[in-house]
Amino acid sequence: MNHPVTPSNGGGANDAVTALVERARKLALGLDLQAVHDFKRNNPGALAIGHMPIYTPRPIIEACGALPVAVFGGGDDVDIIRGDSYFQSYICHIPRSTVELGLSGHLDVLDGMVFPSICDVIRNLGGMWAMLFKDKWACYLDLPQNFDRDIGGKFYAHELRRMADEMHALGGKKLDDESLWQAIADENRRRGAISELDALRRRAPHLAPASEAYLVVRAGSVLTAAGHAELIQDYVNLASARTDRPIDNVRVVLVGAFCEQPPWSLIVALEKAGCDIISDDFQHGFRTIEGDIRIPVFDGADGTQPGEGLDPIDAVADAFLELGAATASRYIDEETKGKALVDAVKAGNADGVIFAAASFCDPALLDQPMLEAACAAASIPFTSFKYSENTGQFQVIREQAGAFSDSVKLWGETAPVQKKKKRRTRRPRA
Amino acid sequence: MTATPSTKAATGAEIKVHKDRSQLRQKRMIGDHFDALSRAKEEGRKVVYTFVPGNLCELIGALDMLAVLPEINALQSGMRGRSGGYIGEAEKSGHSEDVCTYVKCDIGMKKSGNVGPTGVEIPPPDLLLLSYTGCFTFLKWFELLKQEYDCPIAMLHVPYQPDGKVTPAMREYVVNQLRDKVIPKMEEVAGKKLDLDVLSEWLGRSAEAEDDLVWVWESARHTPSPIDGYFGGVYYIGPIFTSFRGTEDAVNYYRELREEVQQRIDANQGPQTPDGRLDDQKFRLVVEGPPNWTSFNDFWRMFANEGAVVVSSTYTRVGGLYDQGFRHDPGDPLGTLADYCLGCYTNLGLPSRVDLLEKYIKDYNADGFFINSVKSCNSFSAGQLLMLRQLEERTGVPGGFVESDLVDPRYFSKSNIENRLQSYLQMLQAKKAGGFGAVA
């Protein structure tokens, strides 16, 4: 359910951060899409374009004067009535709740939907959307699996131009270089703010727990990049000033939840079970580009303008090819499978990994044995469970996570004995 | 000439099964292929693992390499009753019960000695040729196999056709990959340069066989239909979807098949089924979705026993939509391979799939259409319930729907499926008789 945010431990100093996180919760989980309605009211004629999770080139959408809106399904707040009649029992949950939202009018504010190539289900959902909502724009976006600039990059740049042209035909602003460079700069600012947040989580997870960070990042689903960057930065500043003391939790990396999201309460349940999630792939789309999209430096010496000589569409395409994070939807060619996960564990000084995949999620579940093998080879403890976005019972998962946390602390190879002695008794959060 | 070997029916009774000459030829071809595979290492021939939809068999053949198709191994394991054990083996080693059983069957088979359908061990690959066409799982499948085998992998990403159109950018993307990535890697493994003239010869033979296959598909416009375009159809697509496209063997097979079908048309005969010829055809159906392989003959009998013949199907188009006009073009080797890969059935968006099914229902004068929705294949299955509604609305022809799986015997519930099919056919019968649901 869509519970209000519980204050982190730390007392009255947290009032400001609690208020901010509560605002983020409403933005992140509110099915009324109030922020989108507000955007359209404040920007008459502007489009709002929905997109399914994982990476979508949001700067292209923003540069067309539109608000990109990440659609994460209905979570645990929607009764699925019509949506279930379109999908067999062995299909994951997010398409059925997304169809439910569409048929019930929750997504009427959107002028179109983009379906990036996550998996066969989301791909086919794009076709369903085209048939079910004939008056709306449905755009399937093929992300390249060839990462050569002259091959995959060329194809992807063409896809991006096609997408921009179609949005223009829909009533969006015609894409121009200046707007796109600005949107790229905004996106880089957002990415920088997320990196700061992630660094804080690794450094002091008790100050910025995953359950809060989740809401702050997901709030960007209905915000412009600039607005989102500001929100994240405010949170990082406020959370950093907290005076809470560390809790004796294990540090875990959570992987597999990049598309259909677990209920927010499940993330809280994991924390209560003694796990500090110091890194995750929730809302992976906001973190897919691992660094700044390249913007040429303007020195003003020869009268050139920012970005002159480089096509900003190519810059967006290059970023996907060169800086795209490893995820189950992306083909891993030469690099060792699972290396990115092992690196994340090492970089975050994590004690273990939690594999949390949505039931029937092909990419995550087909990936998992390879990632588990990589963890085993690196002596990283792990545990796994499945969920769906409307999972209502957390007790079993909480007990499993608690047992994992205890076993890692007691017997984990990565937890030296002297370190264990210094740890304080775990104090569950309210 | 025909043969009548004996086999056991589902009841355990010994029955005579008629085999057409073309079937016997195909069996010989498969046997020879697996023999060649068993000798490959000692003869220095390279082995390429690849997939059915969008495969590059002409390229493999032109470089004198041998193809292995893990999907075919999996379905044959299903038909031989081995897949359940293989899947269990994979699940024991950490593969989820939720994912594609072809993948798990293949991995389980590898862990169990990689013995092929002829009882001979299949050699490990020298190259994994990942033609990523119409199915996301292919990508993960070969990432998994890469963990099992120490060999290079060549990736061909084939863009999807969301609105049924191949754009110049899509075609160029595939051609560029073929020219700059896939072929160089294949040449490296083969130890020889590709001769485009040789490739063109292979493509020319492909087109010749494709002509005959299309003729066979379209023979189902006759009443009674001389073929079963689904259960029988999976035998007809065997050579052209797998290792034989572009070979003289395939050309001969399809010529012979065409002659047999012509003889049946001349004699006003229906196709062979597991229990004999189906001349008395009460229902003409179009089928969407792959068959179940673990109970293939039982599934077929459910239709045949009710007098239902399948006049067209989409599963038999996953390896190419030849009946919609595509032919391999020897004059444009790389472009035609790109067109082929882009045009496979599961690479089409849902609206295009509905259009095609509607066309089949009308062109083949079908009484109904039936969807076998398989748990393992989201590429096929996600969206099929909407396809059902759309087709009923557009054609006025009623649709039937069952669920099963490709090769997991746990997901084939015989009585449930039989009950549903019988109820569906009774409804069709009533409609044909002008009763319930008949269109005025």
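Me: How many of the seven residues of strand β11 (residues 368-374) of chain B are buried?
Reply: In this predicted model, a residue is called buried if 20 or more other C-beta atoms lie within 10 Å of its own. On one side of β11(B), B:Gly368, B:Phe370, B:Asn372 and B:Val374 are buried, and on the other side B:Phe369, B:Ile371 and B:Ser373 are buried as well, so that both faces are covered. The strand is therefore largely enclosed by the rest of the structure, and the number of its residues that are buried is seven of the seven.

Me: Which strands of chain B stand at the edges of the open sheet of four strands?
Reply: The sheet has the order β10-β9-β11-β12 in chain B, with parallel pairing. Five bridges join β9(B) to β10(B), four join β9 (residues 283-288) to β11(B), and six join β11(B) to β12 (residues 399-404). Each edge strand has a single partner strand, so one side of each is left without a neighbour in the sheet, and these strands are β10 (308-313) and β12 of chain B.

Me: What is the bridge partner of B:Phe370 in β12(B)?
Reply: B:Phe370 belongs to one of the two covered faces of β11(B), together with B:Gly368, B:Asn372 and B:Val374. The strands β11(B) and β12(B) run parallel and are joined by six bridges. In β12(B), the bridge partner of B:Phe370 is B:Gly400.

Me: Which helix of chain B packs on the sheet and touches β9, β10, β11 and β12?
Reply: From one strand of this sheet to the next, the twist averages 30 degrees. The helix that touches these four strands has a direction that makes about 175 degrees with that of β12(B), and this helix, formed by residues 414-432 of chain B, is α17.

Me: Is α4(B) roughly parallel or roughly perpendicular to α5(B)?
Reply: The axes of helix α4 (residues 83-92) and helix α5 (residues 101-111) of chain B come within 7 Å and cross at roughly 85 degrees. Among the residues that meet in this contact are B:Tyr86 and B:Ile87 in α4(B), and B:Ile107 and B:Met109 in α5(B); by class, the residues of the contact divide into six nonpolar, five polar and four charged. Because angles of 65 to 115 degrees count as roughly perpendicular, α4(B) and α5(B) are roughly perpendicular.

Me: Is B:Leu194 buried, partly exposed or exposed?
Reply: B:Leu194 lies in the loop between α7 and α8 (196-218) of chain B, where it touches B:Ala62, B:Leu63, B:Ile183, B:Glu187 and B:Leu199, leaving aside residues up to four places away in sequence. Its C-alpha atom is separated by 9.8 Å from that of B:Ile60, although the two residues are 134 residues apart along the chain. Since B:Leu194 has 16 C-beta neighbours inside 10 Å, it counts as partly exposed.

Me: Which element gives the most to the side of domain 1 of chain A that touches domain 2 of chain A?
Reply: Chain A is assigned domain 1 (1-30 + 176-247) and domain 2 (31-175), and 17 residues of domain 1 of chain A are in contact with 20 residues of domain 2 of chain A. The elements that give two or more residues to that side of domain 1 are α1 (15-29) and α7 (177-203) of chain A. With six residues, the element that gives the most is α7(A).

Me: How many residues of chain A are in contact with chain B?
Reply: The side of chain B that touches chain A has 18 nonpolar, 15 polar and seven charged residues. Between the two chains, 40 residues of chain B are in contact with residues of chain A that number 42.

Definitions and conventions. Residues numbered from 1 in each chain as written. Chains lettered and ligands numbered in written order. Predicted model: local features only at pLDDT ≥ 70, side-chain atom pairs only at ≥ 80, totals over all residues. Contact = placed C-beta atoms within 7 Å. Nonpolar A, V, L, I, M, F, W, Y, C, P; charged D, E, K, R; others polar. Domains from an automatic or database assignment. Axes fitted to C-alpha atoms, helices over the stretch in contact; angles between N-to-C directions. Parallel < 35°, antiparallel > 145°, perpendicular 65-115°, else oblique. Buried ≥ 20, exposed ≤ 12 C-beta atoms within 10 Å, placed from the backbone. Pairing = 2+ DSSP bridges.
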